[in-house]
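Grab your viewer and work through these exercises one at a time. Each has a task and then a solution in steps.

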Amino acid sequence: WFNTGSLCNIDCPHCFMESSPKNDSLAHLTFQEVLQYVKRARGIGQPLEEVGLTGGEPFMNPDIIPMLEGLLWMGLKVLVLTNALKPLENNLKNVERLHKAHPGLMTLRVSLDHFTAAKHDEERGLGNFDRTLTCLRRACDAGLSIHIAGRRLWGEKESEVRAGFAGLFVQNGLPMDASSD
């Protein structure tokens, strides 16, 4: 796992590292630093098949596209945790390009806290549910591999949450399976 920096485009009350638009206390990780660590891990014989990128919001890191490109060219699977808002939207054409060049190696894990706007926006900010769905539709239309990271903060059973997400996916034409992990 690489933490790409502490800056985030939103300010969530539950964020364990207090990422926000103003928190740049953790400097952005550079492509060269990631490359150095990956080479070192491979050099000591550690099996390395997949790399996770988290933050803050990874797509706020100015080196995110070179980072993704380098990791994918090395044949590594890459998992990127994102809120699927403006920073991803701004980088979506490059992410699509990389997906086409390296099919099956990159997955976006999108934080969609709940299947209703009210509860998601309670955590992520007013209007962000709809914004996230808009970006998700574009990413799905481009054929990107998407996993949803939902939460159970409201006392619901897992089966209720999965059923709610299944309905949301169908209603929005999102080709995702709410029954898979």
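Helices here are DSSP runs of H or I with at least four residues, strands are runs of E with at least two, and both are numbered from the N terminus. You're looking at a predicted model, where local features need pLDDT of at least 70, side-chain atom pairs count only at pLDDT 80 or more, and totals for chains, interfaces and linings use all residues. Residues are numbered from 1 along each chain as its sequence is written, and side-chain values use heavy atoms, with hydrogens and water left out.

**Exercise 1. Warm-up with R40**

Task: work out which element R40 is found in, and whether R40 is buried, partly exposed or exposed.

Solution:
- Step one, place the residue: R40 is part of helix α1.
- Step two, set the cut-offs: buried means under 20% relative accessible area, exposed means over 50%, and partly exposed is in between (1.4 Å probe, protein chains only).
- Step three, classify: with a relative accessible area of 49%, R40 is partly exposed.
- Step four, take a distance: from C-alpha to C-alpha, R40 and S159 are 43 Å apart in space, and 119 residues apart in sequence.

**Exercise 2. Salt bridges around D113**

Task: find which partners D113 has in salt bridges, and say where these residues sit.

Solution:
- Step one, the criterion: a salt bridge needs a side-chain nitrogen of Lys or Arg within 4 Å of a carboxyl oxygen of Asp or Glu. The background is that side chains of opposite charge can pair when their charged atoms come close.
- Step two, the overall count: searching the whole structure turns up 7 salt bridges.
- Step three, one partner: D113 pairs with R124, and their closest N and O atoms are 2.7 Å apart. D113 is in the loop between β4 (106-111) and α4 (117-124), while R124 is in helix α4, 11 residues apart. Both D113 and R124 are buried.
- Step four, another partner: R151 also forms a salt bridge with D113, at 3.6 Å from N to O. R151 is in the loop between β5 (145-149) and α6 (158-171) and D113 is in the loop between β4 and α4, so this pair ties together parts 38 residues apart in sequence.
- Step five, check accessibility: D113 has a relative accessible area of just 1% and is buried, whereas R151, at 24%, is partly exposed.

**Exercise 3. K119 and a small network**

Task: describe the salt bridge between K119 and E156, then say which residues a network of salt bridges joins.

Solution:
- Step one, the distance: the closest N and O atoms of K119 and E156 are 3.7 Å apart.
- Step two, the location: K119 is in helix α4 and E156 in the loop between β5 and α6, so the bridge ties together parts 37 residues apart in sequence.
- Step three, accessibility: K119 is partly exposed at 26%, and E156 is buried at 16%.
- Step four, the network: K86, E89 and R138 are joined into one by salt bridges that share partners.

**Exercise 4. α3 against α5**

Task: give the angle and axis distance for α3 and α5, then say which residues meet.

Solution:
- Step one, the geometry: helix α3 (residues 86-101) packs on helix α5 (residues 128-141) at about 15°, with axes 10 Å apart. Axes are lines fitted to C-alpha atoms, for helices over the stretch in contact, and angles run from 0 to 180 degrees between N-to-C directions.
- Step two, the label: angles under 35 degrees count as roughly parallel, over 145 as roughly antiparallel, 65 to 115 as roughly perpendicular and the rest as oblique. That makes α3 roughly parallel to α5.
- Step three, the contact (heavy atoms within 4.5 Å): L88, E89 and L92 of α3 meet C135, R138 and A139 of α5.

**Exercise 5. Two more residues**

Task: state what phi A84 has, and which residues R97 is in contact with.

Solution:
- Step one: A84 is not a glycine, yet its phi is positive, about 55°.
- Step two: A84 sits in the loop between β3 (77-82) and α3 and is buried, with a relative accessible area of 1%.
- Step three: R97 lies in helix α3 and is partly exposed at 37%.
- Step four: leaving aside neighbours within four places in sequence, R97 is in contact with I65 and E69.
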